[in-house]
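Okay, my turn. Let me put the model up on the screen, and then I'll walk you through it.

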Amino acid sequence: MAGTVEKKLVDLGITLHTPAPAIANYVPFVRTANFMVVSGQLCFDADGKLVAQGQLGAGVSIEDGQKAARACAINILCQIKAALGDLDKVVRVVRLGGFINSAAGFPDGPKVMNGASDLMVTAFGDRGRHARTTIGVASLPLDAAVEVEGMFEVS
């Protein structure tokens, strides 16, 4: 049965899917005691298609970048659900790290990253408020527009 957080997501039209497996020599998440780190998630939709491809500031709009960051956040939540079975076991979103595929001089990575941050706060309320880093990069795997990783306190 879905918990409180998952019900909020359903109300937003978000259904959690089976997360993508790791595609290289890493694991999708690591849990130690009450701390969980989720590896970087690309901006795939539930069907495995990239939500946005290319560089912000060179063909990808801020709005499309925000949608891509939100998709990354959904994929993080899918990994947490797979690991813990219930998103209500998240005590606190500690940190999100965002990598924005950016054209030279693109200054609005933090605006793009709000797509992920806003979803965490909507899903978890005050427990979703987190520290954050946003880094512009020259490229990402598969030319994805955004990749997001996360750290969580869990029970």
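When I say contact, I mean heavy atoms within 4.5 Å. Axes are lines fitted to C-alpha atoms, for helices over the stretch in contact, and angles run from 0 to 180 degrees between N-to-C directions. Helices (H or I, at least four residues) and strands (E, at least two) are DSSP runs, numbered from the N terminus.

Quick housekeeping: this is a predicted model, where local features need pLDDT of at least 70, side-chain atom pairs count only at pLDDT 80 or more, and totals for chains, interfaces and linings use all residues. Residues are numbered from 1 along each chain as its sequence is written, and side-chain values use heavy atoms, with hydrogens and water left out.

So, the sheet. It's an open one with 5 strands, ordered β1-β2-β7-β5-β6, and the pairing is mixed; two strands pair if DSSP finds at least two bridges between them. β1 (29–32) and β6 (131–137) sit at the edges with a single partner strand each, so one side of each has no neighbour in the sheet. From one strand to the next, the twist averages 15 degrees.

Now look at β2, residues 35–42: this strand pairs with β7, residues 146–154, in the antiparallel sense over 6 bridges. Within that, V37 stands opposite M151 in β7.

And the helix? α3, residues 109–124, lies across β5 (90–101), β6 and β7, and runs at about 160 degrees to β5.

Last stop: F35, in strand β2. F35 is partly exposed at 30% relative accessible area (the class between buried, under 20%, and exposed, over 50%, with a 1.4 Å probe and protein chains only).
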